[in-house]
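Please open the structure in your viewer, keep the sequence panel visible beside it, and follow the stops below in order.

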Amino acid sequence: MTEFTVQIAPADRGLASLTHLSGLSGYIIPLGGVLVPIIIWIMKKDENPLIAAIARQAIFLNLIVWVLIGATAILWLTILLIPAVILFWCLLGLAAVILPIVGAIKASSGIYYRYPVVGSNP
């Protein structure tokens, strides 16, 4: 697999950084981690496909995190797996916070950051 770098125009770097960080708004506003990126995606999908791709990544990251939390919540029924579920949730929470921050830092320097697993190419 070849690695390629997509450059973000200087005029779009601020919005790209904010779009990455918009996924974190769910920690302040209920459902904000999905709603804010959806609004950005709808507004920019025709005008700026790169910003729309970043917004899609933020949406997918939040949805995948919630699906994984829901799927592993069933494992609470088994006493033996509770420590494994807690560890998994901690790692998942760390990834959900770190990935958008790394994406915002890369976007501010003009580099398109593709999230592992849920990321999409522009």
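Which elements are included in what covers the buried residues of H1? The cover includes H2, H3 and H4, where buried means under 20% relative accessible area, exposed over 50%, and partly exposed in between, with a 1.4 Å probe and protein chains only.

Before going further, note that this is a predicted model, in which local features need pLDDT of at least 70 and side-chain atom pairs count only at pLDDT 80 or more, while totals for chains, interfaces and linings use all residues. Residues are numbered from 1 along each chain as its sequence is written, and side-chain values use heavy atoms, with hydrogens and water left out.

**Stop 1: the whole chain**

Colour the model by secondary structure, and you will find 4 helices and 0 strands, which run α-α-α-α from the N terminus on. Helices (H or I, at least four residues) and strands (E, at least two) are DSSP runs, numbered from the N terminus. The C-alpha trace spans about 50 × 35 × 20 Å along its principal axes, and of the 122 residues in the protein, 38% are buried. Contact here means heavy atoms within 4.5 Å, and among contacts between residues at least 6 apart in sequence, 61% join residues at least 24 apart.

Now colour by pLDDT, the predictor's confidence in each residue, from 0 to 100. The mean for the protein is 86, with 95% of its residues reaching 70 or more; among the elements, H2 has the lowest mean, 87, and H4 the highest, 92.

**Stop 2: helix H1 and the loop after it**

Select H1 and show its buried residues, which are Ala-16, Ser-17, Thr-19, His-20 and Ser-22. Then move along to Leu-31, whose place is in the loop between H1 and helix H2 (32–44). Is Leu-31 buried or exposed? Leu-31 is exposed, with a relative accessible area of 64%, and its phi is near 65 degrees, a positive value in a residue other than glycine. Most residues other than glycine have a negative phi.

**Stop 3: helix H2**

Within helix H2, pick out Leu-35, which is partly exposed, with a relative accessible area of 45%. If you draw a distance from the C-alpha atom of Leu-35 to that of Thr-78, you should read 34 Å, for two residues that are 43 apart along the chain.

**Stop 4: helix H3 and the cores**

Next go to Ala-52, which sits in helix H3 and is buried, with a relative accessible area of 2%. Not counting residues up to four places away in sequence, Ala-52 touches Trp-41, Lys-44 and Lys-45. From Ala-52 to Thr-19 the C-alpha distance is 8.8 Å, although the two are 33 residues apart in sequence.

Now select Val-6, Ile-8, Ala-16, Ile-40, Leu-50, Ile-51, Ala-53, Ile-54, Ala-55, Ala-107 and Tyr-112 together, since these 11 residues make up the largest nonpolar core. A nonpolar core is a set of buried Ala, Val, Leu, Ile, Met, Phe, Trp, Tyr and Cys residues joined through side-chain atoms within 4.5 Å. The largest share of this core, 5 residues, comes from H3. Apart from this core lies another, of 8 residues, among them Leu-61, Ala-96, Leu-99 and Tyr-115. In soluble globular proteins, nonpolar side chains tend to be buried together.

Further along helix H3 select Thr-72, which is buried, with a relative accessible area of 13%. Which residues is Thr-72 in contact with, leaving aside its neighbours within four places in sequence? They are Val-85, Phe-88 and Trp-89, and a polar contact of 2.6 Å joins the side chains of Thr-72 and Trp-89. A polar contact is a pair of N or O atoms within 3.5 Å; within protein, one must be able to donate a hydrogen and the other to accept it, and residues adjacent in sequence count only if both atoms are side-chain atoms.

**Stop 5: helix H4**

Finally, select helix H4, residues 82–108, and draw a distance between its end C-alpha atoms, which are 39 Å apart. This agrees with the span of 39 Å that its 27 residues should have at 1.5 Å a residue, because the expected span of a helix is 1.5 Å times one less than its number of residues. The buried residues of H4 include Ile-82, Val-85, Leu-92 and Ala-96, and what covers the buried residues of H4 includes helix H1 (13–22) and helix H3 (49–73). End the tour at Gly-110, which follows H4 and has a positive phi, near 95 degrees.
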